[in-house]
Every structure is written in structure tokens, then in C-alpha cells.
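Hi everyone, thanks for coming. I'd like to walk you through a structure that is probably new to most of you, so have a look at it while I talk.

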Amino acid sequence: MVTRRFAAVLAAGVPLPALLPWPWLAVLGVFGFALLLAVFDFSVAGPLAKVRLLRDGDRTVWLGGTATVRLTMINVAKRPLRLLVRDSWVPSAGAWPARHDVFLPRGEQHTITTTLDPIRHGDRPAVRVTLRSYGPLGIAYRQRRRQWNERNTPPWTLRVLPRFPSRRILPEKLARMRVIDGTVVARGRGHGTEFDVLREYVIGDDVRSIDWRASARHNDVVVRTWRPERDRRLVCVLDTGRTSALRLGDAPRLDAAIDAALLLAVLADRADDRLDLLALDSTVRSRVEGGGHKAKLARLIDAMASLEPAPAETDFALLARDLLRRDRKRSLVVIFTALEPAPMVEGLLPLLPRLTARHKVVVAGVRDPAVSRLARLPTAGTAADVHTAAAAQRSLTERDQVRDVLSRFGATVVDADADTFAGRVADVYLLLKATGRL
């Protein structure tokens with residue numbers, strides 16, 4: 001192939017035919033001379049088959065962070081190479097710079113660095129490496145594209161972990177958990193908690209906690225202290241159906257649910273509770289259960305990274321079968337879904353009594369702030385504004401009705417905006433743990 005310099009050589013010879021008696025012969029001569037230079041340049045350009053490629057760098061990065069991946073080229077040919085290298089990734093990987101100019105002497109190696117600023121979580125693979133070898137005149141070049149699955153090009157995939165903005169409130173929630181565990185204040189007493197130790201009665205203690213037999217043995221009033229049960233089971237259910245694709249700002253609704261599930265997973269891990277994950281729509285997209293606490297947290301984060309909204313209706317019957325087939329031990333089931341009338345009435349509500357009879361169920365949904373804004377009628381609104389506000393208000397009323405029905409069926413409902421959603425879900429978990437209702 002030839003470069004723009006080939007055209008420049010032809011342009012330089014254009015005035016020549018006008019000065020000669022045989023212009024057409026001169027044109028052929030100029031073109032032939034330029035073609036000869038191009039053939040010479042192409043033949044001298046270094047062979048690309050003798051370039052070996054190696055990769056190393058980051059394998060994972062949190063969404064919003066920056067990763068670097070290095071590509072090392074080794075010249076095993078007998079000629080030096082003047083290369084133009086393009087390391088191509090999928091567009092959502094945010095790879096830059098796009099091109100690299102490299103001079104590679106024979107027997108030596110050179111490393112280029114590609115910086116990645118991904119805009120979506122999930123797997124962001126490298127697509128191909130394009131090598132272009134120029135001749136000494138820069139008129140012609142050899143080019144070769146190496147797909148990621150070719151023998152000489154190493155594949156590379158960057159796993160982008162989901163955004164975790166609720167990390168900022170994690171210290172506050174952990175402090176509350178320490179209070180519940182009794183490492184900051186005296187342990188409280190609640191239904192379904194575990195016995196801890198006996199201590200002397202002090203004014204303000206619940207008289208129901210007095211242990212009369214121990215008091216008779218010690219000739220003093222002794223009370224029992226309790227601590228929240230550990231090794232409780234939690235199940236996070238992520239609805240990845242069509243309703244999870246609704247955009248809330250610059251991210252889908254599913255991302256807010258993943259953020260809340262991540263916060264809940266970290267809290268459960270610190271509380272020594274067991275947390276399982278189930279993501280589904282018309283089929284199960286991801287399942288994480290079993291294994292040790294520390295290893296499971298990493299598996300949960302990795303599983304959430306690959307989740308994307310699917311254009312399918314969520315099959316809540318599949319969810320019910322999965323939850324009811326488990327052992328009969330009571331669990332806290334947190335269902336992250338949309339509080340919309342149609343999916344709730346036709347999908348979840350008929351199955352909710354069976355679920356609440358076996359488990360403690362929390363249904364958590366993220367509100368769309370755009371609907372709340374549209375429900376407020378402007379001061380000088382037009383007829384169109386009135387109709388828009390009425391439609392938005394009706395949508396909010398139906399959402400309130402769904403929330404009331406879910407509560408009557410025995411579920412705890414969390415309905416909040418995206419910026420407070422994760423904290424509200426964590427507060428429900430901490431409250432249930434403090435009162436011994438897990």
C-alpha cells in the first residue's frame with residue numbers, strides 16, 4: 001500500500017510535461033518513477049510476520065477508575081522496523097491514545113501503554129492490533145491486522161466492576177453495626193437474639209431480662225445480655241428485566257440496585273452473615289451461593305460486574321421456585337425491582353404470600369426523579385403542562401398503591417430516590433438485625 005507521499009511525488013512531477021515536447025510520454029515517465037519508488041519502499045519495509053506481541057497490565061478496575069494495559073512488541077526479524085501501531089478496543093473501554101509511532105531495531109523490544117477509561121461495567125475486550133511497517137522513504141507500507149484470537153496476538157479482557165458510590169456512607173453503617181454488636185454500648189435484648197453473658201442489674205435494664213436462678217446463686221440481681229444472631233442468611237435478588245433498563249440520570253436503574261446490593265454485601269460480610277445472589281429476568285443470569293465469607297464477597301462483586309438489563313419480562317415464578325426449593329431456614333430476601341403496577345400485580349403479588357410465609361421479604365425499588373418533577377405543576381403552566389402533571393401524579397399514586405398492597409401482604413417496602421436508595425436498604429437490614437427479626 002502507498003501513503004500520501006506517493007501522491008506528493010506525482011504532484012511534484014505535474015509541471016514537467018508542459019516543458020517537454022512529448023507530454024504524454026513524460027506523464028508515463030513520472031508515474032513510472034513514482035511507482036518504482038513505491039515498489040522499492042514496499043520491498044524494503046520490514047516484515048510484520050516477525051513481530052511478536054505480549055500483553056500485561058490491569059485485569060480489573062472499578063467503573064470511574066483508570067486502567068493501563070501494556071503491549072510489548074519484539075522484533076525478531078533481521079531488519080529494523082518503522083511502525084505505526086493501533087491497539088483497538090471496544091468503544092466503551094475508552095482506550096487512548098489510538099496510535100503509536102514506534103522505531104524497533106532488530107532483536108529489540110518496545111512497549112506501548114494504552115490507558116482505559118471505561119464508561120460501562122462488564123467485560124471490555126481488546127479487539128485487534130494493527131501494525132503498519134513503513135519503508136525508509138515513507139511512500140509505501142506493509143499492514144497486518146491481528147485479531148484477538150489469532151495465534152500471535154495475546155487476548156486481553158478488562159473486567160470493569162460496577163460503580164460503588166454508596167462506599168462513602170459505608171463507615172457510618174459500619175459504626176451503627178458496631179453499636180448493634182455491642183462493641184460500643186451495652187448489648188440490647190431482642191426476640192430471636194443469642195445469649196451472651198450475665199451481668200449485674202443496673203437501673204434502666206429491662207426487668208424481663210432478669211435471670212432469677214442466677215440471681216439466687218449470686219445473692220444479687222443478675223440480668224442476661226444478648227447479642228444479635230450471626231450467620232444469618234440473606235438473599236439479594238436483582239431484577240435484570242426490561243424495567244431495570246430505565247435510565248435514572250446517566251445510568252440504568254439496575255446500577256442503583258447493584259450499588260445497594262454491594263453495600264448490603266459488605267455489611268453482611270462484616271456481620272458474619274451469609275449472603276447469596278440471584279439475578280434473573282426470563283432466565284437466571286447469575287447465581288452466587290455457598291463458599292466462605294471472604295471468598296464469596298469477591299465472587300459477588302465479580303458476578304454483578306457482568307449484569308446488564310435484558311429486553312425481557314421478569315419471571316417471578318422462577319424466583320419463587322428457586323427460593324422455595326432451598327432449605328427451610330428462614331432468610332432475609334431483598335428483591336430489587338421496579339415498583340410498577342403491571343409487573344407487580346401480574347408477577348410478584350400472587351407469589352408473595354408463599355414467600356413471606358417462609359422468609360422475611362424486602363421489596364426495594366428506585367424512584368424516577370423525573371416523574372416527581374413532572375408532577376409539580378408550573379405556576380404559569382399551559383394545558384399541556386396540566387396534562388403532563390396529571391399523568392405524572394397518577395403514576396405516583398399507582399406506585400403508592402403498589403407499596404401499600406405489598407405491605408399488606410407482609411413485605412417491607414423501600415421506595416427511595418437513587419441518591420438515598422442504598423442507605424435506606426442498609427438501614428432496613430440493620431434495623432432487622434438489631435431487633436432480632438432476621
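**A quick tour of the model**

Let me start with one lysine: Lys-50 has a relative accessible area of 43%, so it counts as partly exposed. Before I go further, please keep in mind that this is a predicted model. You'll find Lys-50 in the loop between helix H2 (23-44) and strand S1 (51-57). Which residues join Lys-50 in a positive surface patch? They are Arg-52, Lys-78 and Arg-106.

There's a nonpolar patch on the surface as well. Tyr-201, Ile-203, Val-207 and Val-221 make that one, and its area is about 390 Å². Take Val-207 from that group: look for it in the loop between strand S11 (194-200) and helix H4 (212-218). Is Val-207 buried or exposed? Its relative accessibility is 52%, so Val-207 counts as exposed. The cut-off for exposed is over 50%.

Okay, on to helices. Helix H5 covers residues 253-270, which is 18 residues. From the first C-alpha to the last, H5 reaches 27 Å, close to the 26 Å you'd expect at 1.5 Å a residue. How many of the 18 residues in H5 are buried? The count is 17, so H5 is mostly covered.

Just after H5 comes Asp-272, and here is something to look at: its phi is positive, about 60 degrees, although Asp-272 is not a glycine. Asp-272 sits in the loop between H5 and strand S16 (274-280). With a relative accessibility of 35%, Asp-272 counts as partly exposed.

Now compare that with another helix, H12, at residues 418-434. H12 has 17 residues and should span 24 Å at 1.5 Å a residue; the C-alpha atoms at its ends are 25 Å apart, which agrees. The buried residues of H12 include Phe-421, Val-425, Tyr-429 and Leu-432. Lys-433 is also among the buried ones. What follows H12? That's Gly-436, with a positive phi near 70 degrees.

Staying with helices for a moment, Met-177 belongs to helix H3 (residues 170-181). Its relative accessible area is 3%, so Met-177 is buried. If you trace the sequence from Met-177 to Ala-434, they are 257 residues apart, yet in space their C-alpha atoms are 8.5 Å apart.

Next, salt bridges. How many does the structure hold? There are 22 salt bridges, and I've picked three to show you.

The first one on my list pairs Arg-285 with Asp-281, at 2.9 Å from N to O. What about cover for the two partners? Arg-285 has 45% relative accessibility and therefore counts as partly exposed, whereas Asp-281 is at 0% and counts as buried.

Then we have Asp-322 and Arg-287, whose side chains meet at 2.3 Å, N to O. This pair links distant parts of the chain: Asp-322 is in helix H7 (residues 316-324) and Arg-287 is in strand S17 (residues 284-288), 35 residues apart. Again, one partner is covered and the other is partly open: Asp-322 is buried, with a relative accessible area of 6%, while Arg-287 is partly exposed at 35%.

My third pick is Asp-400 with Arg-403, at 2.7 Å from N to O. Both lie in helix H11 (residues 383-408), three residues apart, about one turn of the helix. Why does that spacing suit a pair on a helix? An α-helix has 3.6 residues a turn, so residues three or four places apart point the same way. Asp-400 is partly exposed, at 32% relative accessibility, and Arg-403 is partly exposed too, at 23%. This pair also belongs to a network: salt bridges with shared partners join Asp-400 and Arg-403 to Arg-367, Arg-399, Asp-415 and Asp-417.

One last stop, and this one is about the backbone. Which two residues does the cis peptide bond join? They are Trp-96 and Pro-97, with omega at about -5 degrees. Pro-97 is in the loop between strand S5 (95-96) and strand S6 (99-104).

That's my tour. Feel free to turn the model around and find these spots for yourselves.

Conventions
Residues are numbered from 1 along each chain as its sequence is written. This is a predicted model: local features need pLDDT of at least 70, side-chain atom pairs count only at pLDDT 80 or more; totals for chains, interfaces and linings use all residues. Side-chain values use heavy atoms; hydrogens and water are left out. Patches are made of residues with over 30% relative accessible area and no salt bridge: like charges are joined within 9 Å, nonpolar side chains (Val, Leu, Ile, Met, Phe, Trp, Tyr) within 5 Å. Accessible areas come from the Shrake-Rupley method with a 1.4 Å probe; for residues, only the protein chains shown count as cover. A salt bridge is a side-chain nitrogen of Lys or Arg within 4 Å of a carboxyl oxygen of Asp or Glu. Lys and Arg count as positive and Asp and Glu as negative; His and the chain ends are not counted. The place of a charge is taken as NZ of Lys, CZ of Arg, CG of Asp or CD of Glu. Helices (H or I, at least four residues) and strands (E, at least two) are DSSP runs, numbered from the N terminus. Buried means under 20% relative accessible area, exposed over 50%, partly exposed in between (1.4 Å probe, protein chains only). The expected span of a helix is 1.5 Å times one less than its number of residues.
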